Amino acid sequence: MAIRTILTLDKPVLRTKAKKVSRFDAYLQRLVDDMWETMRAAPGVGLAAPQVGESIRVLVAEYEDQAVALVNPEIIKRSDDEVLGTEGCLSIPGFVGDDVPRARAVTVKARDPRGKEIRVKAEDWFARVLQHEIDHLDGVLFIDRIPKENVRRVEEDELIEEGEVEKVTTGKNGKQEKQPERNERPAASASPSLPGKGPGGRSSSSPPPSSRPSSPLTSASSASSASSAVHSSSTESATAATRGGGR
Ligand code: ZN
């Protein structure tokens, strides 16, 4: 097993519709093993193959006693009720999005890494994780599902501690499952008084974002053109980037 480099927003492979897997071979098995290791090391609760530069329909996700590696996943049933929650993404470090709408429950049909057909029923937080990861396979990111004002900066360590999905608030009854330690860090991460209109709502009190994507929103707005333009070359360049290590 090996930890792979998690690609960030500016990589075309993240905006490309991933291909279906047709061979359930040792290569796939190794990829899945690497994805588990990469996800847990991040740490995160879910990871999709395009995030490590493989443009194929594979994801891993883990929550409490549920841990699944899904190949060619398809949502075959989704609940009518939609819930809003805050999401982060290992490919968009330093930012989260509020009020990302998701179906509260989904049933996913997929194959396991050996090719056996499986079904996964997920609710609430785990359902959100699966929808987030399946979106990745279509080149869709959470920032595409919310208005720009809902994207905000967080401290990087806060995001990483919390994993891929930082917090979930169920929209229906307003119950909050988890509160990040936002209240304890008023200066850095709270400030809901961020500009809002500016990309990422960068506040003057934040440290300079030297090595971060300057704005997920800029990339998002050009995403549709990018994803169609890169179809031919994305796989190779992404693979090269992965092998190159270190971002
Ligand atoms: Zn993600």
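This report walks through a predicted model, from its overall make-up to a few unusual spots in the backbone.

## The protein at a glance

The protein has 247 residues, and 41% of them count as buried. Its secondary structure consists of seven helices and eight strands. Among contacts with a separation of 6 or more, 73% are between residues 24 or more positions apart.

## A five-stranded sheet

A good place to start looking is the open sheet, where five strands line up in the order β1-β2-β3-β6-β7 with antiparallel pairing. At the edges sit β1 and β7 (117-123), each of which pairs on one side only. From one strand to the next, the twist averages 40°.

To see one pairing in detail, follow β6 and β7: they run antiparallel and are joined by seven bridges. One residue to look for is T107, whose bridge partner in β7 is K121. As general background, strands of a sheet pair through backbone hydrogen bonds, either parallel or antiparallel.

## Helix α1 and its two sides

Helix α1 covers residues 26-41, 16 residues in all. From its first C-alpha to its last it reaches 22 Å, close to the 22 Å expected at 1.5 Å a residue. Its buried residues are L28, L31, V32, D34, M35, T38 and M39. These residues lie on the same side of α1, because they cover an arc of only 165° around the axis. On the other side, A26 and A41 are exposed.

What lies over the buried residues? The cover includes β1 (46-48), β2 (58-63) and β3 (66-78). This fits with how α1 packs on the sheet, touching β1, β2 and β3, with a direction that makes about 40° with that of β2.

## Helix α2 and the nonpolar core

A second helix, α2, also meets the sheet: α2 lies across β1, β2, β3, β6 and β7 and runs at about 160° to β2.

The largest nonpolar core has 48 residues, and those touching the most other members are M35, A49, V58, L59, V60 and L130. Two or more residues of this core come from each of α1, β1, β2, β3, β5 (95-103), β6 (105-111) and α2 (124-137). The element that gives the most is α2, with seven residues. In soluble globular proteins generally, nonpolar side chains tend to be buried together.

V58 offers a view of this packing from a single residue. Leaving aside its neighbours within four places in sequence, V58 is in contact with V21, L31, V32, A49 and V71. Two of these names, L31 and V32, also appear among the buried residues of α1.

## Unusual spots in the backbone

Most residues other than glycine have a negative phi, and most peptide bonds are trans. Where does this model have a cis peptide bond? A cis bond joins A42 and P43, with omega at about -10°. P43 is found in the loop between α1 and β1.

Two residues that are not glycine have a positive phi. For N72 the value is about 50°, and for D124 phi is near 50°. N72 lies in strand β3, while D124 is in helix α2. Are these residues buried or exposed? N72 counts as partly exposed because it has 18 C-beta neighbours inside 10 Å. D124 is partly exposed too, with 17 other C-beta atoms within 10 Å.

Technical notes. Residues are numbered from 1 along each chain as its sequence is written. This is a predicted model: local features need pLDDT of at least 70, side-chain atom pairs count only at pLDDT 80 or more; totals for chains, interfaces and linings use all residues. Helices (H or I, at least four residues) and strands (E, at least two) are DSSP runs, numbered from the N terminus. The expected span of a helix is 1.5 Å times one less than its number of residues. A residue is buried if 20 or more other C-beta atoms lie within 10 Å of its own, exposed if 12 or fewer, and partly exposed in between; C-beta atoms are placed from the backbone. The arc is that of the directions from the helix axis to the C-beta atoms. Two residues are in contact if their C-beta atoms, placed from the backbone, lie within 7 Å. A nonpolar core is a set of buried Ala, Val, Leu, Ile, Met, Phe, Trp, Tyr and Cys residues joined through C-beta atoms within 7 Å. Two strands pair if DSSP finds at least two bridges between them. Axes are lines fitted to C-alpha atoms, for helices over the stretch in contact, and angles run from 0 to 180 degrees between N-to-C directions.
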